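Q: I am new to this structure and would like a close look at a single part of it. Please take one charged side chain as the starting point and then connect it to its wider setting.

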Amino acid sequence: MTSNAHSSRSLRHHPGAAAVALAATTALLAGCSSSGDTSDPLAEGKADGNTVVVGSNNFAESILLADIYGEALKAKGIKVSYKPNIGSRETTYGLLKNGSITVLPEYNGSLLAYLDPKAEQKSLEAVNAAAKAKLDSKLTLLESSPAEDKDSVTVNQETAKKYNLTAQSTLADLKNVAPELVLGGSPEFQTRQQGMVGLEAVYGLKFKSFKALDAGGPLTQAALKKNTVQAADIFTTDPTITKEKFVVLQDPQNLFGFANVTPLVYKSGLPQEGVDALNAVSAKLDTKTLLDLDYQVQLQSKDPLDVARAWLKSAGLG
């Protein structure tokens with residue numbers, strides 16, 4: 001997988017464009033997040049040795065995941081402080097290396113693409129091993145969760161009903177019907193391996209046409225809802241999936257790589273009970289769960305801290 005395989009992920013996991021798209025949301029979330037911290041998140045200085053500092057990037061899902069991690073640590077009696085809403089991976093990685101942050105929610109494949117743009121991503125284990133090998137020696141990845149926030153080919157409700165597609169259907173199930181469908185996505189999606197090129201090479205899919213929109217954003221969502229396109233590149237934890245009853249098609253060949261939610265940790269700052277607590281979170285957090293939690297925060301305007309606490313309690317971790 002080449003570096004452009006993660007170009008659309010950069011909107012969310014290399015936050016920048018995502019910060020603009022979610023500015024209003026994240027401003028609200030920062031105010032009601034568990035941190036309650038209005039200080040500059042980039043301020044230097046390590047926490048005292050008894051405090052674990054949980055950071056988050058400046059998009060809604062990262063803030064929610066940070067609250068989940070922080071509250072899981074608190075449930076084990078660990079003192080926690082927060083640095084929410086920080087910004088890009090370049091910034092958070094530096095803060096982790098110098099110990100200003102102890103824990104950050106990451107996405108394993110996107111992190112590896114940042115550390116080594118030419119790295120191939122053939123399996124979850126290989127991705128994590130390669131990422132760990134490239135990390136600064138003071139850092140490590142803990143266990144990955146099954147939850148992934150990554151590109152997908154998703155169909156609208158009308159198309160799913162017409163062709164009997166369900167959440168268990170795979171991209172291979174589109175082979176015979178793709179010539180009848182218009183596919184939507186970012187302009188790059190039409191020309192890259194982790195897009196139409198790979199969909200044809202790996203799954204034999206030849207679509208009727210392609211409509212250039214945005215990278216899983218409001219243009220793509222609206223076009224899929226209105227049936228202007230019948231299939232589209234939508235991120236797998238986008239709450240629009242739940243709201244509009246879209247159907248995400250499974251990708252058994254891992255064309256779209258790996259984006260498992262994984263704690264990135266400053267090793268000397270997290271005690272073993274903290275490691276165990278975060279690994280327990282990863283064991284319970286899957287894509288369906290994260291999609292539901294994102295829906296509560298982003299579309300129902302619930303406080304991410306409340307959502308995090310309620311889920312941890314229901315999972316026996318709070």
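Is the side chain of Lys122 buried or exposed, and what is its relative accessibility?

A: Lys122 is exposed, because its relative accessibility is 66%. Here buried means under 20% relative accessible area, exposed means over 50%, and partly exposed lies in between, using a 1.4 Å probe and protein chains only. Before going further, please keep in mind that this is a predicted model, in which local features need pLDDT of at least 70 and side-chain atom pairs count only at pLDDT 80 or more, while totals for chains, interfaces and linings use all residues. Residues are numbered from 1 along each chain as its sequence is written, and side-chain values use heavy atoms, leaving out hydrogens and water.

Lys122 has a charged partner: its side chain meets that of Glu120 in a salt bridge, at 3.2 Å from N to O. The term stands for a side-chain nitrogen of Lys or Arg within 4 Å of a carboxyl oxygen of Asp or Glu. Side chains of opposite charge can pair when their charged atoms come close. The structure holds eight such salt bridges. Another one links Lys138 with Asp136, whose closest N and O atoms are 3.2 Å apart; Lys138 counts as partly exposed because its relative accessibility is 35%. Through shared partners, salt bridges also join Glu71, Lys74 and Arg309 into one network.

Let us stay with that network for a moment. Between Lys74 and Glu71, the closest N and O atoms of the salt bridge are 3.3 Å apart. Both residues belong to helix α4 (residues 60–74), where they sit three residues apart, about one turn of the helix. Their surroundings can be compared through accessibility: Lys74 is partly exposed at 34%, whereas Glu71 is buried at 9%.

Helix α4 is one of 14 helices in the chain, which also has ten strands. These elements are DSSP runs numbered from the N terminus, with helices being H or I of at least four residues and strands E of at least two. Asp294, in helix α13 (residues 287–298), is a charged residue that is buried, with a relative accessible area of 1%. Leaving aside residues up to four places away in sequence, Asp294 touches Glu61, Leu64, Thr237, Pro239 and Leu299, where a contact means heavy atoms within 4.5 Å.

Charged residues also appear where two helices meet. The axes of α5 (residues 89–97) and α6 (residues 108–115) come within 12 Å and cross at roughly 90°. The two helices are therefore roughly perpendicular, the word used for angles of 65 to 115 degrees; under 35 is roughly parallel, over 145 roughly antiparallel, and the rest oblique. Axes are lines fitted to C-alpha atoms, for helices over the stretch in contact, with angles from 0 to 180 degrees between N-to-C directions. On the α5 side, Arg89, Glu90 and Tyr93 meet Ser110, Leu111, Tyr114 and Leu115 of α6.

Finally, the whole chain gives some context for that exposed lysine. Of its 318 residues, 57% count as buried. Among contacts with a separation of 6 or more, 78% come from residues 24 or more positions apart.
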